[in-house]
Amino acid sequence: MSKLLHDKLHCGRYLLTLQGEHFRPLVMGVLNVTPDSFSDGGRHPTLDAALSHAEQMIAAGVDIIDIGGESTRPGSAAVSAAEEMDRVMPVLYALRDCGKPLSVDTRRPQVMREAIAAGADMVNDIEGFRDPASLAAVSDSEAALCIMHMLGEPGTMQADPQYGDVVADVGDFLAARVTAAREAGIATQRLCIDPGFGFGKTLAHNLALLARLDALQQRLQLPLLAGLSRKTMIGKLTGKPVEQRLAGSLAAALAAVNQGARIVRVHDVAETVDALKVWQAVTGEGAAPA
Ligand code: 7PJ
């Protein structure tokens, strides 16, 4: 497992161990706050559903909760800033004191600012903070940044993506964004990187990145976050629809941590936590499970 520049990720109110004796891979649980057509008809069905989902993730051993109000799946339509804020902010306020770091998955500087003011510990930007206003929104805070690579835009990114060498190209992009973040006054201890599986990548691109994740992490010496859960690449490999991708997603998460990923972003927290306990007992990486 490659060495990192820092032992702990400075994540708002929290310090998360990234290497050494007490390290174990961290599980980021996805909390989608999007209107549910199958709601039970409560007064705040979207909020209630999100909070009970968060409760389940906490009970299952989640390390970071990633709150998202905008769907960025390939081909998805954009939501307005007001709509995104209406979805995300009540969940942030409600979970503020839940004891787990809260991440906000957003591309909007305005949402970043409001979220940090409300207590968000991390900002996860699928655009990798390319917008200078996004770096400005997070610079004067303690929040961690997840800098993700995406080629193009969610609406069109899967239309024939091209790279020279995908690992080198993604590394170049991430290195440039890390430099920009440092120049904006953001401490290295607040940064993690993400190759952005499925964001402007073919199956071959995704597999090349997964197989060489540790090379990418070694180049930047920053903790790497991998999001593979239920993605199209799992569907392509298994022939399964999205609701039957659990086993494939667990295999992908293990492949990622085996390649040095420090954080995995997943939908199925309980199952991933179990898989990682077994992986860790076998590989002897970091801390023994309690
Ligand atoms: C990712 C993400 C990912 C980070 C999404 C989905 C699509 N943020 N947000 N990394 N994916 N950092 O979950 O399928 O891979 S939304």
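Select strands β7 (residues 144–148) and β8 (residues 191–194) in this predicted model. The two strands run parallel, and four bridges join them. Two facing pairs can be picked out with the cursor. I147 stands opposite I193 in β8, and M148 stands opposite D194, also in β8.

Now show the chain between these two strands. After β7 the chain passes through helix α5 (residues 166–183) before reaching β8. This β-α-β crossover is right-handed.

Keep β7 selected and show its side chains. Are they buried or exposed? A144, C146 and M148 point one way from the strand, L145 and I147 point the other way, and all are buried. Five of the five residues of β7 are buried, and the strand is mostly covered.

Next, add strand β6 (residues 122–125) to the selection. β6 pairs with β7 in the parallel sense, over four bridges. Which residue of β7 is the bridge partner of N124? It is C146. The route from β6 to β7 goes through helix α4 (residues 132–139), and this β-α-β crossover is right-handed as well.

Zoom out to the whole sheet. How many strands form it? There are eight, in an open sheet with the order β8-β7-β6-β5-β4-β3-β10-β9, and the pairing is parallel. Colour β8 and β9 (225–227), the edge strands. Each of these pairs on one side only. Look along the sheet to see the turn from strand to strand: neighbouring strands are turned by 25 degrees against each other on average, direction ignored.

Now select helix α1 (residues 45–60). This helix packs on the sheet, where it touches β3 (26–32) and β4 (64–68). The direction of α1 makes about 165 degrees with that of β3.

Within helix α1, click on A50. A50 counts as buried because its relative accessibility is 3%, below the 20% cut-off. Leaving aside residues up to four places away in sequence, A50 touches L31, V33 and V91. Measure from A50 to N32 in the viewer: the C-alpha atoms are separated by 7.2 Å, while the residues are 18 apart along the chain.

The next stops are two pairs of helices. Two packed helices are described by the angle between their axes and the distance between the axes.

For the first pair, select helix α2 (residues 81–95) and helix α3 (residues 109–117). Their axes come within 10 Å and cross at roughly 20 degrees. That angle is under 35 degrees, so α2 is roughly parallel to α3. The crossing of α2 past α3 is right-handed. To see where they meet, show A81, E84, M85, M89 and L92 in α2 together with Q110, V111, E114 and A115 in α3.

For the second pair, select helix α9 (residues 246–258) and helix α10 (residues 269–283). Here too the axes come within 10 Å, and they cross at roughly 40 degrees. α9 and α10 are therefore oblique to each other. α9 passes α10 in a right-handed crossing. On the α9 side, the contact is made by L246, L250, A253, L254, V257 and N258. On the α10 side, show E271, T272, A275, L276, W279 and T283.

The tour ends in the loops. Start with D160, in the loop between β7 and α5. What is the phi of D160? It is near 55 degrees, a positive value in a residue other than glycine. D160 counts as exposed because its relative accessibility is 59%, over the 50% cut-off.

Then go to Q221, in the loop between α7 (213–220) and β9. The phi of Q221 is near 55 degrees, again a positive value in a residue other than glycine. Q221 has a relative accessible area of 34%, so this residue is partly exposed.

Last, select T202, in the loop between β8 and α6 (203–211). T202 is partly exposed, at a relative accessible area of 30%. Add P161 to the view and draw a line from C-alpha to C-alpha. T202 and P161 are 6.9 Å apart in space and 41 residues apart in sequence.

Note on methods:
Residues are numbered from 1 along each chain as its sequence is written. This is a predicted model: local features need pLDDT of at least 70, side-chain atom pairs count only at pLDDT 80 or more; totals for chains, interfaces and linings use all residues. Side-chain values use heavy atoms; hydrogens and water are left out. Buried means under 20% relative accessible area, exposed over 50%, partly exposed in between (1.4 Å probe, protein chains only). Two strands pair if DSSP finds at least two bridges between them. A crossover is right-handed if, with the strands pointing away from the viewer, the path from the first strand over the helix to the second runs clockwise. Axes are lines fitted to C-alpha atoms, for helices over the stretch in contact, and angles run from 0 to 180 degrees between N-to-C directions. Angles under 35 degrees count as roughly parallel, over 145 as roughly antiparallel, 65 to 115 as roughly perpendicular and the rest as oblique. A crossing is left-handed if the near helix is turned anticlockwise from the far one by less than a right angle, and right-handed if clockwise. Contact means heavy atoms within 4.5 Å.
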